Amino acid sequence: MIDRRPAVIVRCAGVADVIAAVKFARAHGMVVAVRGAGHNVAGTSMCDDGLVIDLSAMKGIRVEPQTRTARVEPGVTWAEFGHELQAFGLAATGGFVGTTGVAGLTLGGGLGWMVRKHGLALDNLLSADVVTADGDFLTASDSAHADLFWGLRGAGGNFGIVTSFEFRVHPAGTVLAGMVMHPLSRGRDALRFWRDFESAAPEEVTNGALVFTAPAGLPLPEGLQREPIVGLGGVYAGSLEEGTRACRPLREFGPPAVDMFQPMPYSAAQTMADFLWPRGFLNYWKSSFLKSLSDEAIDTIVDFCAKAPSPRTVVVLEHNGDGAMSRVAEDATAFGHRGWRFNFLITSVWTDAAETEANVRWTREFWDAMQPFLAEAVYVNYLNEVSDENMRAAYGRKYERLAKLKARYDPTNFFSQNANIKPAAVAAGG
Ligand SMILES: Cc1cc2nc3c(=O)[nH]c(=O)nc-3n(C[C@H](O)[C@H](O)[C@H](O)COP(=O)(O)OP(=O)(O)OC[C@H]3O[C@@H](n4cnc5c(N)ncnc54)[C@H](O)[C@@H]3O)c2cc1C
């Protein structure tokens, strides 16, 4: 869906290239976009006519097992980071999909398979090296440039270019992970059971509910037709024994048509959902936290999924907001919303541009029907488009503080191709 033509793409090999690119763009008054792994569905890492600072070749990773910390450059994906960590029996919250970039995901929040146990990716960020809008270099942490560090954790792309992330990481090794599958015809009961199971699940459990169709060409597990499937599962971030006990009710309910839970390296769990979102397809997304996951909300989800125009579309319910991320004070970081238990996401995915209208229409009708159940709160990284209204829904009352911080670190809005916060003075002047 993103078809932009920049004038120049600078493929950075290191910090010196980033500084040079920033100074060049400034000297020539160019629009700048910053690209990590290029996963953002709003297409904010590309621009027309301007200069793209492409960080995707900056792939350095260094794990410090003694201190359980790791340093990561901004071109690294979660699958790459997970692979390095696994060699030391360590893991990071990460994303639910391995192809997503560490940079963009962390700077906006970071929901992943250990979010209920260890918080958001940005809750585990210890420091960040940043090239500012003037081409200066500094390190931000709780003890240096603390205001910048606050803003980077949630509204990251607005204040500078992060060239290195320092994370706290966690022991993981082998975990119990996977999902059970039910046909959509039994989806109402399965989703109701999942909601109630999740509400009592220990924090080691980070699970989602997905409605999808097994892609053609992929062998279909025995017991399922090629029809929409409700998949329920995720990761137990603890011992295999406790995980087996904790996940038993979910694995027995129904019983499911298929049970794919099994012990696996955490790095494998991080890529187990990758097949659902291959590169190069057309995407149109809508997302919001849920006020409640009522029976009526579940009925609406099942009804719309039964008539999804594309077999590539995936509808997601994430359970994240009542674990570790909710124990971090709301004002400790710029990240917008910590307390909502469930996040709802329609990822409409299709392959043929001739089908765009049908898929966009279905997504909008589905979205309209879900309105009674949605909170006025969105996760910035799942936004399909950037607008002032969306930014307010993403940051709520923190928006004003972010606008002041933006005026301090980037008064000319040099970093404008992102989930953009307008500098306070500019906003005041219209
Ligand atoms: C298939 C798929 C699955 C996803 N799964 C998850 C998930 O499980 N959990 C989750 O939380 N999110 C998820 N997301 C959303 C994801 O967090 C965002 O799309 C995120 O922006 C991706 O980061 P990126 O580096 O890949 O993207 P990019 O498109 O490269 O960058 C995204 C934004 O961040 C800015 N940026 C990138 N790098 C830097 C940097 N080093 N310094 C400053 N600004 C920078 C860019 O300018 C851009 O505005 C998913 C997205 C997709 C498409």
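**A guided look at a predicted model**

Guide: Helix α3 gives five residues to the shell around the ligand, the largest share. Keep in mind that this model is predicted.

Visitor: How many residues surround the ligand, and which are the closest?

Guide: The ligand has 34 residues around it. G36, H39, N40, G101 and G104 are the closest. A residue is counted if its C-beta atom, placed from the backbone, lies within 6 Å.

Visitor: Which elements give two or more residues to that shell?

Guide: They are β2 (32–35), α3 (102–108) and β9 (161–168).

Visitor: What makes up the shell, by residue class?

Guide: It divides into 18 polar residues, 15 nonpolar and one charged. Gly counts as polar here.

Visitor: What makes β4 and β8 edge strands?

Guide: Start with the order of the open sheet: β4-β5-β9-β7-β8, five strands with antiparallel pairing. β4 (61–64) and β8 (137–141) each have a single partner strand, so one side of each is left without a neighbour in the sheet. On average, neighbouring strands of this sheet are turned by 15 degrees against each other, direction ignored.

Visitor: How do you know that β4 and β5 pair?

Guide: Pairing needs at least two bridges. Four bridges join β4 to β5 (residues 69–72). Therefore the two strands count as paired. They run antiparallel. One bridge partner in β5 is V72, which faces I61 in the pairing.

Visitor: Which helices lie across strands of this sheet?

Guide: Helix α1 (residues 15–27) lies across β7 (125–131), β8 and β9, at about 50 degrees to β7. Helix α2 (residues 78–86) lies across β4 and β5, at about 35 degrees to β4.

Visitor: How are α5 and α13 packed?

Guide: Two packed helices are described by the angle between their axes and the distance between the axes. For α5 (residues 146–155) and α13 (residues 399–409), the angle is about 115 degrees and the axes are 11 Å apart. Their crossing is left-handed.

Visitor: Which residues make the contact?

Guide: From α5 come D147, L148, G151 and A155. From α13 come L402, L405 and Y409. A contact needs C-beta atoms within 7 Å. By class, the contact of α5 with α13 has five nonpolar residues, one polar and one charged.

Visitor: Where do the domains lie?

Guide: The domain assignment gives domain 1 (9–54), domain 2 (61–171) and domain 3 (174–382). The C-alpha centres of domain 1 and domain 3 lie 33 Å apart.

Key. Residues numbered from 1 in each chain as written. Predicted model: local features only at pLDDT ≥ 70, side-chain atom pairs only at ≥ 80, totals over all residues. Axes fitted to C-alpha atoms, helices over the stretch in contact; angles between N-to-C directions. Left-handed = near helix turned anticlockwise from the far one by under 90°. Contact = placed C-beta atoms within 7 Å. Domains from an automatic or database assignment.
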